[in-house]
Amino acid sequence: MSLASGLHSQSSAMQPSRYFGFTFGLFLLVSLYPFHSRNILAQSSNSPAPTFYRDVLPILESHCQSCHRPGEIGPMPLLTYEQTRPFARAIANAASKKSMPPWFADPSVGHFANDPSLNPQQIATLVSWADTNAPAGNPRDAPPPRKWTKDWLIPQPGITIQMPKPVAIPASGDVQYTYEIAPTHFTEDKWVQFSEVRPSSRENVHHAVVYVRPPNSTWLKNAPVGVPFTGADMTEAQNRNDTHFTTADILLVYAPGSSPDNWPAGAAKFIPAGSDLVFQMHYMAHGRPAVDQTSVGLVFSTKVPTQRVLTLQLTNDHFVIPPGVPDYRVEVHGSLPNDAVLLSFFPHMHLRGKRFEYNILQPGRARDTLLRVNYDFYWQLSYRLSEPRTLAAGTVLQAVAWYDNSKDNSHNPDPHAAVRWGDQTYDEMMVGFFDVAVPADMDKTRFFVRPGAVVK
């Protein structure tokens, strides 16, 4: 995953960023051991015992079913009483521990539109329901069934673009980044309101990044179209370099646990007529050969928006984490070249990642923290501001990451190793993606030209 222009390496200058990739195992576990909680979150003795149809199902519809339904990443569907009843204790346990729904933002910092967290009353309801033997109640008390789009978390896509050829994934070993160029055949400019990546072999996909290559781009100019390739397949130095660096727009980023893109009214991503989509895929071997043919679904804006969304990033790729250190700090900051409206964040590290933070730095003032995440590599979530924030040109954004390279980190591949930037899971990364809205007629190249700069 890589190549969004961003604020790079402790500099005040925004620069195009480097490719990066990551390895994912999918963790979506609801613990099944008994949970005794009658004295922890019990409801008032004067309240009627909660029932599935009246009290539990509305919670599941709002907070759980996006993942826990057929075809999604939840290990079991939670649509009906019959499906949910066997897991009543597990649900109560996960809700009380706040391990489900997954959310890792520090609640004392910021407010986020996509926060799925349960409030104390909802947690108490789930616990009380389990403690009273999970009664069904009256089906007539059920809310209207929530209507989900089959096979998608977004509304029904107006178009689906699939990688033209499937990719064979080996049973073992590191897998190089794989690219595939898919022509859109768009005869007119398109504004994308919603987008979602759908791998056909989820367990093998570490990440996917979909880039927009406009018709006048020279990026990957001599690469094959419609077939998978890696940097090692490129015979010319420029083509090999193009598999490590680009200034192309990112359409969207996918990682297990991440959310589809859903932009506010009046804002959208832009795909010029005649563009190609470039899929960058990082696969993980899982002990047996597999095949993947990832797709991206697009929902277009019904009218030309007033704002264009750009995905940028703060990146520090020059660090060495010493062996055994439990709380190693890496920082990067840079200034915005033009006014922008801050929409959302997507932090990224690997298995030693511990915490991640975004701040605004102002001379003579305390730092203004926008997001603080207790990082979980297996749930790399995006965080969308409830209220988008206007940032003036020159605003200094800072990202800070902390790493646990000690033996006490159960996910640490090797606490005796010094760790540097790298593509594979046993390496590390430090990337703070963030999304901004700018005027619709401003592309990324113009955004990076600071006011008063001489354009050659």
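Visitor: How many disulfides does a search of the whole structure find?
Guide: Ground rules first: this is a predicted model, in which local features need pLDDT of at least 70, side-chain atom pairs count only at pLDDT 80 or more, and totals for chains, interfaces and linings use all residues. Residues are numbered from 1 along each chain as its sequence is written, and side-chain values use heavy atoms, leaving out hydrogens and water. A disulfide is a pair of cysteine sulfur atoms within 2.5 Å. On that rule, the number of disulfides found in the whole structure is 0.

Visitor: Take Cys64, then: how far away is the nearest cysteine sulfur?
Guide: Cys64 is in no disulfide. The nearest cysteine sulfur belongs to Cys67, which is too far for a bond. The distance is 8.9 Å.

Visitor: Is Cys64 buried or exposed?
Guide: Buried means under 20% relative accessible area, exposed over 50%, and partly exposed in between (1.4 Å probe, protein chains only). Cys67, at 21%, counts as partly exposed. Cys64 has 15% relative accessibility, so Cys64 counts as buried.

Visitor: Which helices do the buried residues of helix 1 pack against?
Guide: Helices (H or I, at least four residues) and strands (E, at least two) are DSSP runs, numbered from the N terminus. Helix 1 covers residues 52–63, and its buried residues include Phe52, Tyr53, Val56 and Leu60. Contact means heavy atoms within 4.5 Å. The packing partners of those buried residues are helix 2 (81–84) and helix 4 (120–131).

Visitor: Now for a sheet: which are the edge strands in the order 16-21-18-19?
Guide: Two strands pair if DSSP finds at least two bridges between them. This open sheet has 4 strands with antiparallel pairing; strand 18 (residues 353–361) and strand 21 (residues 396–403), for example, are joined by 8 bridges. An edge strand here pairs on one side only, which fits strand 16 (328–335) and strand 19 (368–374).

Visitor: Asn359 has its place in strand 18; which side chain does Asn359 meet in a polar contact of 2.7 Å?
Guide: A polar contact is a pair of N or O atoms within 3.5 Å; within protein, one must be able to donate a hydrogen and the other to accept it, and residues adjacent in sequence count only if both atoms are side-chain atoms. Asn359 is buried, with a relative accessible area of 1%. Its side chain makes a polar contact with that of Glu357 at 3.0 Å. The one at 2.7 Å is with the side chain of Thr369.

Visitor: Which residue of strand 19 meets Glu357 in a salt bridge?
Guide: A salt bridge is a side-chain nitrogen of Lys or Arg within 4 Å of a carboxyl oxygen of Asp or Glu. Glu357 is buried, with a relative accessible area of 2%, and has a salt bridge to Arg367 (3.4 Å, N to O). Arg367, though, lies in the loop between strand 18 and strand 19. The partner in strand 19, at 2.8 Å from N to O, is Arg372.

Visitor: Which residues are linked with Arg198 in a network of salt bridges?
Guide: Arg198 forms a salt bridge with Glu196, where the closest N and O atoms are 2.8 Å apart. Both Arg198 and Glu196 are buried. Linked with Arg198 in the network are Arg69, Glu72, Glu196 and Arg202.
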